[in-house]
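Please look over the structure below before reading on. The paragraphs that follow lead through its aromatic pairs and then its salt bridges.

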Amino acid sequence: MRITASIQVLILSFSLIHASTAQETNKNQEFVNLQRIYQEQSLLISANNISKYNSILTDYAKDLDALEKALAKKGNLNGVMVVRQEKEDSRLTNQIPDNVSDQTPVELKALRERYAKRITAVGAGQEKELEQLAVLYVGKLQKLQKSLTSAMHIDDALMVKNEIDRINGNRTTKVEKTD
């Protein structure tokens, strides 16, 4: 979680530097506005998913508490100790640990698997949202590039093309060029 937040701050910093460079070298306000909107929406998507991830971890901690009590009622001291270690590891790393030993209770394995699926779903949802946003952004940039080229604003069109290439370089699916 802390790593994710640090990465987001780094991305934001890079994006802001990139946006300020565009503002200094490009007088085309439409391009600057498109960049700003894209960056804001990307950060919003990431922030929403961080919130979802934190909620999953909170639910996991509650379920670990319940599992600890259930194992204690059964008299399973080793299971209780493994769950306590799991709670501590999860709290320290902000992740669901994946270490499994012979003493890991079956209930804990099932709990981990259930929450791992939830986290995977959040990640996949974020990727899908970011991909949809990138498709829209690149489409708008392509239209802008074409209009700038038609108006003989070649330097501005090249800057837009570089942005399209940068976005497409970070994506798994590329948007085909429209000419």
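A residue is called buried here when its relative accessible area is under 20%, exposed when that area is over 50%, and partly exposed in between. The model is a predicted one, and on this scale Tyr-115 is buried, because its relative accessible area is 3%.

The aromatic side chains are a convenient place to begin. Two aromatic pairs are counted in the model. In one of them, the ring centres of Tyr-38 and Tyr-137 lie 4.1 Å apart with their planes at 10°, so this pair is stacked, given that planes under 30 degrees apart count as stacked. Tyr-38 belongs to helix H2 (residues 29-73) and Tyr-137 to helix H4 (residues 106-150), so the contact ties together parts that are 99 residues apart in sequence. Both partners fall in the buried class, because Tyr-38 has a relative accessible area of 15% and Tyr-137 one of 4%.

Tyr-115 takes part in the other pair, in which its ring and that of Tyr-60 have their centres 5.1 Å apart and their planes at 65°, so the arrangement is edge-to-face. This pair, too, links distant parts of the chain, with Tyr-60 in helix H2 and Tyr-115 in helix H4, 55 residues apart. Tyr-60 is buried as well, with a relative accessible area of 0%.

From the rings we turn to the charged side chains. Side chains of opposite charge can pair when their charged atoms come close. The model holds 12 salt bridges, and one of them joins Glu-40 and Arg-36 at 3.3 Å from N to O. These two residues are four apart in helix H2, so about one helical turn separates them; Glu-40 is partly exposed at 42% relative accessibility, as is Arg-36 at 38%.

In helix H4, Lys-117 and Glu-113 are likewise four residues apart, or about one helical turn, and their side chains meet in a salt bridge of 3.6 Å, N to O. Here Lys-117 is exposed, with a relative accessible area of 56%, whereas Glu-113, at 48%, counts as partly exposed.

Helix H5 (residues 154-169) offers another case, where Arg-166 and Glu-163 are three residues apart and again separated by about one helical turn. Their salt bridge spans 3.0 Å from N to O, and it joins a partly exposed Arg-166, at 24% relative accessibility, to a buried Glu-163, at 1%. Finally, Asp-65, Glu-68, Arg-84 and Lys-87 are linked with one another in a network of salt bridges.

Note on methods. Residues numbered from 1 in each chain as written. Predicted model: local features only at pLDDT ≥ 70, side-chain atom pairs only at ≥ 80, totals over all residues. Heavy atoms only, no water. Phe/Tyr/Trp six-rings, centres within 6.5 Å; stacked < 30°, edge-to-face > 60°. Buried < 20%, exposed > 50% of the residue type's maximum accessible area, 1.4 Å probe, protein only. Salt bridge = Lys/Arg side-chain N within 4 Å of Asp/Glu carboxyl O.
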